[in-house]
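This report describes one protein chain, part by part. Please look at the sequence and the structure before reading on.

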Amino acid sequence: MDLITNNLPEVLMILGIAALIIEVAVLGMSTFILLFLGMSLFATGLMMNFSILDNSLTTALWSNTLVTAALAALLWKPLKRMQENVDTKEVKSDFAELDFILNSHVDEQGLSTHSYSGISWKLKSHQPLSAGTHVKVVKKEVGVMWVETL
């Protein structure tokens with residue numbers, strides 16, 4: 001315990017950096033609690049290091065409580081808005097350029113399948129296609145390939 005109290009600013013900054021690393025690297029900014037706590041621990045340790053705050057456990061506790069609450073109040077809405085920005089643009093890949101010959105009839109119901117890369121994919125098309133038609137994949141969804149004539 002003496003090691004912690006004798007080096008309290010450094011311990012707080014190390015804990016703050018560890019909390020920030022866990023929040024960003026492990027949790028991927030999915031929760032903001034460790035972000036606020038890490039920033040608070042680091043800021044309190046820095047203020048203690050520059051003798052702005054008293055070097056005691058009570059001061060560390062109260063400072064972290066107040067700074068964490070202030071950071072949460074100030075940054076919650078902007079960070080939440082930042083998380084809601086989702087890119088809806090479709091990803092282009094080599095998989096979308098796949099072409100093959102149909103073994104069975106294809107329509108919008110997705111009753112026929114095509115085996116690709118060890119997975120049996122449902123095939124769908126906006127217009128009915130007969131077996132033997134040369135098609136290409138124009139869109140992909142989970143477990144579904146949308147095809148049209150080539």
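Is Ser 51 buried or exposed? Ser 51 is exposed, because its relative accessible area is 64% and anything over 50% counts as exposed. The model is a predicted one, and the values below are computed from it.

## Loops between the helices

Ser 51 sits in the loop that links α3 to α4, the latter covering residues 57-84. Its phi is near 60°, which is a positive value in a residue that is not glycine.

Another loop lies between α2 (8-26) and α3 (33-49), and Met 29 is placed there. Met 29 also has a positive phi near 60°, and it too is a residue other than glycine.

## A nonpolar patch on the surface

Met 1, Ile 4 and Leu 57 make a nonpolar patch of about 300 Å² on the surface. Ile 4 belongs to helix α1, which spans residues 2-6.

With a relative accessible area of 37%, Ile 4 is partly exposed. Residues in a patch must have over 30% relative accessible area, so Ile 4, at 37%, meets that requirement.

## The sheet

Five strands form an open sheet with mixed pairing, in the order β1-β4-β5-β3-β2. At its edges are β1 (99-101) and β2 (112-116), each of which pairs on one side only. From one strand to the next, the twist averages 45°.

Strands β1 and β4 run antiparallel and are joined by three bridges. Within this pairing, Ile 101 has His 134 in β4 as its bridge partner.

## The hairpin of β4 and β5

What is the direction of β4 (residues 134-141) relative to β5 (residues 144-149), and how many bridges join them? These two strands run antiparallel, and six bridges join them. Val 137 stands opposite Val 147 in β5, while Glu 141 has Val 144 in β5 as its bridge partner.

Two residues lie between the strands of this hairpin. Gly 143 takes a positive phi there, near 75°.

## The salt bridge

How many salt bridges does the structure hold? It holds one. In general, side chains of opposite charge can pair when their charged atoms come close. Here the side chains of Lys 139 and Glu 141 meet, with 3.5 Å from N to O. The cut-off for such a pair is 4 Å, so the contact between Lys 139 and Glu 141 counts as a salt bridge.

Both partners are partly exposed: the relative accessible area is 35% for Lys 139 and 34% for Glu 141. Glu 141 therefore appears in two roles, as a salt-bridge partner of Lys 139 and as the bridge partner of Val 144 in the sheet. In a regular strand, side chains alternate between the two faces of the sheet.

## Glu 108 and its contacts

Where is Glu 108 found? Glu 108 is in the loop between β1 and β2. At 46% relative accessibility, Glu 108 counts as partly exposed, because the value lies between the limits of 20% and 50%.

Leaving aside residues up to four places away in sequence, Glu 108 touches Lys 124, Ser 125 and His 126. The C-alpha atoms of Glu 108 and Pro 128 are separated by 7.5 Å, although these residues are 20 residues apart along the chain.

Key: Residues are numbered from 1 along each chain as its sequence is written. This is a predicted model: local features need pLDDT of at least 70, side-chain atom pairs count only at pLDDT 80 or more; totals for chains, interfaces and linings use all residues. Side-chain values use heavy atoms; hydrogens and water are left out. Patches are made of residues with over 30% relative accessible area and no salt bridge: like charges are joined within 9 Å, nonpolar side chains (Val, Leu, Ile, Met, Phe, Trp, Tyr) within 5 Å. Accessible areas come from the Shrake-Rupley method with a 1.4 Å probe; for residues, only the protein chains shown count as cover. Helices (H or I, at least four residues) and strands (E, at least two) are DSSP runs, numbered from the N terminus. Buried means under 20% relative accessible area, exposed over 50%, partly exposed in between (1.4 Å probe, protein chains only). Two strands pair if DSSP finds at least two bridges between them. Axes are lines fitted to C-alpha atoms, for helices over the stretch in contact, and angles run from 0 to 180 degrees between N-to-C directions. Contact means heavy atoms within 4.5 Å.
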